[in-house]
Amino acid sequence: MFLETKWACLIPFEKTANLLKEVLPVAETINATTIQNHLYGLALAQEQEVGEEQWMYDCGSINQRQALPRPERTMVVGIDGGYVRDWNDKKSVFEVIVGKSLPAEKPAKCFAFVGSYDLKSKRRFYNHLTSQGMQPHQQIEFFSDGDDNLRNLQTYLNAESTHILDCRAAGAVSHHHETDSPAPVCIGIDQSG
């Protein structure tokens with residue numbers, strides 16, 4: 001099942017079926033539909049494991065976080081969004097959110113999801129960061145262009161986070177949105193005046 005899943009994610013289902021028949025002792029009845037059904041079943045099972053979406057993730061109290069040994073280095077996360085147009089229906093677009101997390105002790109890892117369709121995007125992002133070693137008292141620096149949907153995704157994931165706004169990408173930022181979250185640090189423009 002491992003090879004079937006890996007190959008089905010990389011090459012067309014029909015080619016996956018043919019390759020499996022060639023290299024493994026599998027039934028001759030395996031075809032593209034079988035591969036697609038197996039992959040769909042696996043995706044449904046993984047979706048059940050994601051957990052419920054929350055607007056805020058509990059990092060414990062300040063006293064609980066201070067009692068834990070502090071990780072030596074800050075985790076850095078870059079995140080951005082973009083719109084992709086449907087090839088056939090040029091008026092239809094969807095948003096893709098992509099990024100990369102750079103923990104101190106593990107290799108960097110990229111992530112992506114379709115923000116306009118995913119009902120558990122914040123949970124998926126939180127799960128990704130915890131799989132990369134994020135701890136309740138982990139210092140995290142989020143770099144983004146400050147788009148509202150990206151700010152909402154990052155807010156309340158970790159109490160020790162700093163949001164760094166790349167104002168060159170976002171344009172001149174003249175005000176901070178009226179939210180409970182702290183104002184982002186701005187890089188790329190002169191803030192002295």
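Does Tyr-117 count as buried or exposed, and at what relative accessibility? Select Tyr-117 in this predicted model: at 57% relative accessibility, the residue counts as exposed. Tyr-117 sits in the loop that runs between S3 and H5. Add Phe-94 to the selection; this residue is 23 residues away from Tyr-117 along the chain, and the two C-alpha atoms are separated by 7.9 Å.

**The whole chain**

Next, display the complete chain as a cartoon. Seven helices and six strands should appear. Traced from the N terminus, the elements follow the order α-α-α-α-β-β-β-α-β-α-β-α-β. A surface representation covers about 12600 Å² of accessible area, and carbon and sulfur atoms contribute 54% of that area. Of the 193 residues, 30% count as buried. Among contacts with a separation of 6 or more, 49% are between residues 24 or more positions apart.

**Helices H1, H2 and H3**

Two packed helices are described by the angle between their axes and the distance between the axes. Select helix H2 (residues 13-23) together with helix H3 (residues 32-49). Their axes come within 8 Å and cross at roughly 105°, which makes H2 roughly perpendicular to H3. To view the contact, show side chains for Phe-13, Glu-14, Thr-16, Ala-17 and Leu-20 of H2, and for Ala-32, Ile-35, Gln-36 and Leu-39 of H3. By class, the residues of this contact comprise six nonpolar, two polar and one charged.

Keep H3 on display and bring in helix H1 (residues 2-10). H1 and H3 pack at an angle of about 100°, and their axes are 10 Å apart; H1 is therefore roughly perpendicular to H3. On the H1 side the contact involves Glu-4, Thr-5, Ala-8 and Cys-9, and on the H3 side Thr-34, Ile-35, His-38, Leu-39 and Leu-42. The contact of H1 with H3 has five nonpolar residues, three polar and one charged.

Two residues in this region merit individual selection. Thr-5, found in helix H1, is buried, with a relative accessible area of 18%. Neighbours up to four places away in sequence aside, Thr-5 touches Leu-39 and Leu-42.

Leu-20, in helix H2, counts as buried at 2% relative accessibility. With residues up to four places away in sequence left out, Leu-20 touches Glu-4, Trp-7, Val-26, Ile-30 and Ile-35. A distance label between the C-alpha atoms of Leu-20 and Asn-31 should read 9.7 Å; the two residues are eleven residues apart in sequence.

**The nonpolar cores**

In soluble globular proteins, nonpolar side chains tend to be buried together. Which residues have the most contacts inside the largest nonpolar core? Select Val-77, Ile-79, Phe-125, Leu-129 and Phe-142, which hold that position in a core of 15 residues. Colour strand S1 (75-85), strand S3 (109-114), helix H5 (121-131), strand S4 (140-144) and helix H6 (148-154): these are the elements that give two or more residues to this core.

Centre the view on Phe-142. Not counting residues up to four places away in sequence, Phe-142 touches Val-77, Phe-125, Leu-129, Gln-154, Leu-157, Ser-161, Thr-162, His-163 and Ile-164. A second, separate core consists of seven residues, including Ala-8, Leu-20, Ile-35 and Leu-39.

**Helix H5 and its surroundings**

Isolate H5 and show its buried residues: Ser-121, Lys-122, Arg-123, Phe-125, Tyr-126, His-128 and Leu-129. Restoring the neighbouring elements reveals what covers these residues, including S1, strand S2 (93-102), S3, S4 and H6. Just after H5, select Gly-133, which takes a positive phi of about 105°.

**Met-75**

The last stop is Met-75, in strand S1. Met-75 is buried, with a relative accessible area of 1%. Neighbours within four places in sequence aside, Met-75 is in contact with Leu-102, Pro-103, Leu-129, Gln-132, Gly-133, Met-134, Gln-138, Gln-139, Ile-140 and Glu-141. To finish, label the C-alpha distance from Met-75 to Ala-104: these atoms are separated by 6.2 Å, although the residues are 29 residues apart along the chain.

Key:
Residues numbered from 1 in each chain as written. Predicted model: local features only at pLDDT ≥ 70, side-chain atom pairs only at ≥ 80, totals over all residues. Heavy atoms only, no water. Helix = DSSP H or I, 4+ residues; strand = E, 2+ residues; numbered from the N terminus. Buried < 20%, exposed > 50% of the residue type's maximum accessible area, 1.4 Å probe, protein only. Contact = heavy atoms within 4.5 Å. Areas by Shrake-Rupley, 256 points an atom, 1.4 Å probe, with all protein chains shown as cover. Axes fitted to C-alpha atoms, helices over the stretch in contact; angles between N-to-C directions. Parallel < 35°, antiparallel > 145°, perpendicular 65-115°, else oblique. Nonpolar A, V, L, I, M, F, W, Y, C, P; charged D, E, K, R; others polar. Core = buried A, V, L, I, M, F, W, Y, C linked by side-chain atoms within 4.5 Å.
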